[in-house]
Amino acid sequence: MMDPTTDNAGYTGDAGTARASLESLRAEIAKAVVGQDPAVTGLVVALLCRGHVLLEGVPGVAKTLLVRALASALELDTKRIQFTPDLMPSDVTGSLVYDTRSAEFRFQPGPVFTNLLLADEINRTPPKTQSSLLEAMEERQVTVDGTPRPLPDPFLVAATQNPVEYEGTYPLPEAQLDRFLLKLTIPLPSRQNEIDILTRHSEGFNPRDLHAAGLRPVAGPADLEAARAAVAKTTISPEITAYVVDICRATRESPSLTLGVSPRGATALLATSRAWAWLTGRDYVIPDDVKALALPTLRHRVQLRPEAEMEGVTADSVINAILAHVPVPR
């Protein structure tokens, strides 16, 4: 176990305490967001893996509120970009501006320079602007006028997306989809959860004032760093590695798909399974960890054949069928 360290906010860097702190995020975020525990877990997994998350759901299911609540509970700096058809790449990354006092150009950082970037309705802007995030997501830096500028650590892009059948949207290109570690679907709330939501609002809950809702930081950067170090030590057996490869190779051979999971996707599934194993209290990965993360890690990395889509086949159903047929290591 790592030696305990303490950051300025008073959070311990001990791996055991870090796990407890990250587990408490669910309860803390639930003060603002009702019934979205799987999405909270997915966002924590992405932070542990230094990955990014695509949140998909119809308008009004608290996608934006979920990301804001996570930033508040982790005491991370956060910025929001509302993606629109006229948004330019420089509006995301920043640009050189002329300083009349010094008679020189200086760099004005864009909103991408933050810990948690909320890219709201990312599919409402053309691919040219969508691609402005590619370097930031992959290299964790932005290059302007030939000068690379590193982004803060941690850095996570949480992009929200309305389903592509809505008018005025631009489907994300495959190259950018593959950069997202997870794609989390945000469902409509159950009847009881919706009653709870309305009850909170009738009692004065204000989604724009998370502090008044009682949301407090329960973990800090030192906890996150300790957790990442512990996840890196989580054991992966050769059998589990082969199991991940077999699942991903099966997607490339599926008659329902025109595009299967790439080696980057296989690496992502191994990483998310490892993070999930550590979060559940184990220092080794089992097949159930792989199964638990297969859908959110792989669903956006495959492409359905048009005829399969017309028959009602979905990416999730194809992946579930593959999980049911690929032999599980003992």
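**A guided tour: backbone exceptions and nonpolar cores**

Select Glu75, which is partly exposed, with a relative accessible area of 45%. The structure is a predicted model. Glu75 sits in the loop between helix 4 and strand 2 (78-82). Its backbone deserves attention: phi of Glu75 is near 55 degrees, a positive value in a residue other than glycine. Most residues other than glycine have a negative phi.

Next, select Ala62, in the loop between strand 1 (53-56) and helix 4 (63-74). Here too phi is positive in a residue other than glycine, with a value near 75 degrees for Ala62. Is Ala62 buried, partly exposed or exposed? Ala62 counts as partly exposed, because its relative accessibility is 28% and the partly exposed range runs from 20% to 50%.

Proceed to the loop between strand 7 (147-150) and strand 8 (156-161), where Pro154 is found. Select Asp153 together with Pro154: the peptide bond joining the two is cis, with omega about 5 degrees. Most peptide bonds are trans.

Now turn to the interior. Which residues have the most contacts inside the largest nonpolar core? They are Leu22 and Leu48, in a core of 75 residues. Select Leu22 and display its surroundings. Leaving aside residues up to four places away in sequence, Leu22 touches Val44, Leu48, Leu74, Ala219, Ala227, Trp278 and Leu279. Apart from this core lies another, of 23 residues. To locate that second core, select Phe107, Ala119, Val157 and Leu172, which are among its residues.

Note on methods
Residues are numbered from 1 along each chain as its sequence is written. This is a predicted model: local features need pLDDT of at least 70, side-chain atom pairs count only at pLDDT 80 or more; totals for chains, interfaces and linings use all residues. Side-chain values use heavy atoms; hydrogens and water are left out. Helices (H or I, at least four residues) and strands (E, at least two) are DSSP runs, numbered from the N terminus. Buried means under 20% relative accessible area, exposed over 50%, partly exposed in between (1.4 Å probe, protein chains only). A nonpolar core is a set of buried Ala, Val, Leu, Ile, Met, Phe, Trp, Tyr and Cys residues joined through side-chain atoms within 4.5 Å. Contact means heavy atoms within 4.5 Å.
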